[in-house]
Amino acid sequence: MAGAAVEELVKKAGGCAVIDGGFATQLEALGADINDPLWSAACLITKPHLIKEVHMQYLEAGADVIISSSYQATIPGFLARGLLMEEAEGLLRTSVQLALEARDEFWKSALRKSKPVYNRALVAASVGSYGAYLADGSEYSGSYGDDITVEKLKDFHRRRLQVLASARPDLVAFEAIPNKMEAQALVELLEEEDIQVPSWICFSSVDGKHLCSGESFEDCLQIINASEKVAIVGVNCTPPQFVEGIIRDFKKQTQKAIAVYPNSGEVWDGRAKRWLPVECFGRKSFDVMAKRWQEAGASLIGGCCRTTPSTIRAVSKALKGRTGHY
Ligand SMILES: [Zn+2]
């Protein structure tokens, strides 16, 4: 049954599993240069050891699910960098392997064994939207232009999805999907390719009421509800102040498990390529909010851009109700 591992993990975690925090954010904090068309995925070529280090830090912080470094890793992106097809596919597999290795190493570590709070984490293979690949701001507007079709989107996603699924992650995580057409394409593709790894589809929103494109969540949830391949739906990289309302909305419209991992509340200026320094929420209130998201019915909770291992440590403590030092 799709998602049995997820159900088990959520149960073991006490009703709410902890997802990791911003991957690219922490990679940058460790000194990686992610100002690149491949964004964090550039490190698959240049600094794979840092990728593993970020995964380790989130595991130590208490993450029950870690998300791979493949968000902006695409075959056309790697080919444009001068790599061969074989190498591009190899890097996609590497992104999953690095996360699996980190998970397995952490599970064997003395630190993990010394604290009952840790669960054996699941690895989710990240798949960013077509807009993330375009890197032209459409990731947050959902406007892919008049020429785009469901078929074109499926063709964009097809090979990467096949390769990532073949690397045996526990989950596939479609992240920050900004419009309905892409949700439709992903659901169709999961069926067509008969992907056996359970998926989650998370949307992004800038107003808390709609997808980034302005389309309704309701229409997208109907599409997703019809698919057995999708175990989890939710939102990510969305301002945290909208999340509680979104969960309550989703609860009325789907039976699937709900995942939320908002950003810190700062705003990404796609044109200037920087985070606007909006003083919004401290880490303390992020974990206070996380508790409310749990009460509202989310089953998986973490953070996205601009959240860090210390955010996740605080979230894990708040949700799992343990006070042990870790
Ligand atoms: Zn994000």
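The exercises below, each with a worked solution, concern a predicted model.

**Exercise 1. The sheet and its edges**

Determine the strand order of the open sheet, and explain why one side of β1 and of β2 has no neighbour.

Solution. The open sheet holds 8 strands, and reading across it gives the order β1-β10-β7-β6-β5-β4-β3-β2, with parallel pairing. Strands β1 (17–18) and β2 (65–67) stand at the edges and each has a single partner strand, so one side of each is left without a neighbour in the sheet. The pairing itself follows a general principle: strands of a sheet pair through backbone hydrogen bonds, either parallel or antiparallel. Turning to one pair in this order, β7 (residues 257–261) and β10 (residues 300–301) are joined in the parallel sense over 2 bridges, and within that region V260 stands opposite I301 of β10.

**Exercise 2. Strand β5 and its surroundings**

Establish how many residues of β5 are buried, and which residues lie on each of its faces.

Solution. The count comes before the faces: 5 of the 5 residues of β5 are buried, which leaves the strand mostly covered. Dividing the strand by side, S199, I201 and F203 belong to one face, while W200 and C202 belong to the other, and both faces are covered. On the β4 side, 4 bridges join β4 (residues 171–177) to β5 in a parallel arrangement, and I177 stands opposite F203 in β5.

**Exercise 3. Helix α6 and residue E89**

Describe how α6 is placed on the sheet, and decide whether E89 is buried or exposed.

Solution. Helix α6 lies across β2 and β3 (122–127), and its direction runs at about 160° to β3. Residue E89 is located in this helix, which spans residues 85–108. With a relative accessible area of 12%, E89 falls under the 20% cut-off and therefore counts as buried. Leaving aside residues up to four places away in sequence, E89 touches I75, R159 and V163.

**Exercise 4. Two helix pairs**

Work out how α10 packs against α11 and how α12 packs against α13, giving the angle and the handedness of each crossing.

Solution. Helix α10 (residues 150–166) and helix α11 (residues 180–192) pack with their axes 9 Å apart, at an angle of about 50°, and the two are therefore oblique to each other. Their crossing is right-handed. The contact draws on several residues of each helix, including V150, L153, H157 and L161 of α10, together with M181, A185, L189 and E192 of α11.

For the second pair, α12 (residues 217–225) and α13 pack at an angle of about 45°, with axes 10 Å apart, which makes α12 oblique to α13. Helix α12 passes α13 in a right-handed crossing, where F217, E218, L221 and N225 of α12 meet I246, D249, F250 and Q253 of α13.

**Exercise 5. The zinc site**

Identify the residues that coordinate the zinc ion, and describe their spacing in sequence.

Solution. The zinc ion is coordinated through the SG atoms of C237, C304 and C305, at 2.2 to 2.3 Å. In sequence these donor residues follow the pattern C-x66-C-C. Two of these donors can also be examined for burial: C304 has a relative accessible area of 10% and is buried, and C305 is likewise buried, with a relative accessible area of 8%.

**Exercise 6. Positive phi angles**

Locate A135 and R306, and state the phi value and the accessibility of each.

Solution. As a background, most residues other than glycine have a negative phi. A135, although not a glycine, has a positive phi near 50°; A135 is placed in the loop between α8 (130–134) and α9 (138–141), and is partly exposed, at 36% relative accessibility. R306 is also not a glycine, yet its phi is positive, at about 75°. The position of R306 is in the loop between β10 and α15 (309–320), and its relative accessible area of 34% makes it partly exposed.

**Exercise 7. Residue T311**

Find the element that holds T311, and set its separation from Y58 in sequence beside their separation in space.

Solution. T311 is placed in helix α15 and counts as buried, at 3% relative accessibility. T311 and Y58 are 253 residues apart in sequence, whereas their C-alpha atoms are 9.8 Å apart in space.

Key: Residues numbered from 1 in each chain as written. Predicted model: local features only at pLDDT ≥ 70, side-chain atom pairs only at ≥ 80, totals over all residues. Heavy atoms only, no water. Buried < 20%, exposed > 50% of the residue type's maximum accessible area, 1.4 Å probe, protein only. Contact = heavy atoms within 4.5 Å. Pairing = 2+ DSSP bridges. Axes fitted to C-alpha atoms, helices over the stretch in contact; angles between N-to-C directions. Donors = N, O, S within 2.8 Å, 3.2 Å for Na, K, Ca; no water. Parallel < 35°, antiparallel > 145°, perpendicular 65-115°, else oblique. Left-handed = near helix turned anticlockwise from the far one by under 90°.
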